[in-house]
Amino acid sequence: MSITTTSIVSEYGAYYIDAGQNKARLLSLLVQGRELQNYVTPIKTNDTIFRLGNAAFSKVVQPFQKTFTQKGGLTVVPNEIRVFNIKIDDEFFPDELKASWLGFLTAHNVSRTEWPLVKYLMENYYRKQIDRDMEMDEYYKGVFAAPTPGTPGAAGTSMNGLQMQIYAGVQNDTINSIPLGALDAATIFDQVELFTDGIADEYQGEEMKVFMSRKWYKKYMQDKRAQGFYQRLNAGDIDAGIDFTPQSVVPLSCMADTDDIWCTPKANLIHITPETDTKNNFKVEEAKRVVAVMGDWWEGLGFGINQAVWTNKLKV
């Protein structure tokens, strides 16, 4: 990481004067936190491939007769959720801050790993940025790519996200497609109702979240308000429920810029982490006045049973 202080030095001077400045004056934009985790079923395991078996049962009921007539069957097919090893590596030269307005983040007579700058980066950068990167780049849109030795991996290549898995399931006929046509702000309310109509009868009574981007969530709420037959006093009375179903619409930031819609029972959406989670355990080292920050952990996301997932994406 390069610490860029060009503008600060240009505006405030290449020297440090204690004028009462502190970390409270370092303002930053909002950073998207982890959101999808609120809708998953967590599983703790040290397996790097979480193997499941999907059981399908044949019908057994038949009319009575005295002769024994066998009828029934069990089919078990494999299903697995891969868990990925993810990391952060960063290093910086903290002395660059000494002769600047940011000098309050430096210290004397202690290791550079103990400077206020390091604590500030832990609290305001690394942890928050990890959450943002996982949510916006990996959990939904991620497509794993084996790293090139010696080269930092690109954003969105640390794991296989849910979008890739949904699309792959549609292509191999294991995830259910519900045709809706192109999403339209003028008809999105009807399209969402049509979507829930396509859910299998056995799951019609199951409470499920129907996920979509924030853009389409807002359009759904606006279209619901526009129907006219709701006795509401204000916009706050318009809820995200889908009429005559236990389902409701939920927006996900990780689905930004997509027209995807999908749903599955919470128990079927599985988030796997090790029994000892290390994602916020950082190792900080100093060598030749350079501070290095390292961290690594394991995570995996996937569906227990593909056949219990519905989406508006169609087979290509």
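**Buried aromatic residues, nonpolar cores and the largest pocket**

Trp-262 has a relative accessibility of 0% and therefore counts as buried. In this predicted model, Trp-262 also belongs to the largest nonpolar core, which comprises 39 residues and in which Phe-92, Tyr-126, Leu-162 and Trp-262 touch the most other members. At least two residues of this core are supplied by each of strand E4 (84-92), helix H2 (116-138), helix H3 (162-171) and strand E11 (290-303), with H2 giving the most, namely eight residues. Apart from this core lies another, of 22 residues, which includes Val-192, Ile-199, Met-221 and Ile-261. In soluble globular proteins, nonpolar side chains tend to be buried together.

The count of aromatic pairs comes to nine. One of these joins Phe-189 and Tyr-220, whose ring centres lie 5.8 Å apart and whose planes stand at 20°, so that the pair is classed as stacked. Because Phe-189 lies in helix H4 (residues 188-197) and Tyr-220 in helix H5 (residues 214-226), this pair ties together parts that are 31 residues apart in sequence. Both partners are buried, Phe-189 with a relative accessible area of 2% and Tyr-220 with a relative accessibility of 0%. A further pair is formed by Phe-211 and Trp-262, with ring centres 4.6 Å apart and planes at 35°, and it is therefore tilted. This pair links distant parts of the chain, since Phe-211 is in strand E6 (residues 209-212) and Trp-262 in strand E8 (residues 262-264), 51 residues apart. Phe-211, with a relative accessible area of 2%, is buried, as is Trp-262 at 0%. Ring pairs also place Phe-211 and Trp-262 in a cluster together with Tyr-39, Tyr-140 and Phe-303.

The cysteines were considered next. A search of the whole structure finds zero disulfides. Cys-254 is buried, with a relative accessible area of 1%, and Cys-263 likewise counts as buried, at 0% relative accessibility.

The largest pocket holds about 910 Å³ of space. Its lining is made up of 30 residues, of which Lys-87, Ile-88, Pro-152, Gly-153 and Ser-158 are the closest to the pocket centre. The elements that give two or more residues to this lining are strand E4 and helix H2, and H2 gives the most, with eight residues. By residue class, the lining divides into 15 nonpolar, nine polar and six charged residues. Helix H2 is thus the element that gives the most both to the lining of the largest pocket and to the largest nonpolar core.

Note on methods:
Residues numbered from 1 in each chain as written. Predicted model: local features only at pLDDT ≥ 70, side-chain atom pairs only at ≥ 80, totals over all residues. Heavy atoms only, no water. Disulfide = S-S within 2.5 Å. Buried < 20%, exposed > 50% of the residue type's maximum accessible area, 1.4 Å probe, protein only. 1 Å grid on protein atoms, 1.4 Å probe; cavity = no way out; pocket = protein on both sides within 12 Å on 5 of 7 lines; lining within 4 Å. Points joined across faces, edges and corners; volume = space filled by probe spheres on them. Helix = DSSP H or I, 4+ residues; strand = E, 2+ residues; numbered from the N terminus. Nonpolar A, V, L, I, M, F, W, Y, C, P; charged D, E, K, R; others polar. Core = buried A, V, L, I, M, F, W, Y, C linked by side-chain atoms within 4.5 Å. Phe/Tyr/Trp six-rings, centres within 6.5 Å; stacked < 30°, edge-to-face > 60°.
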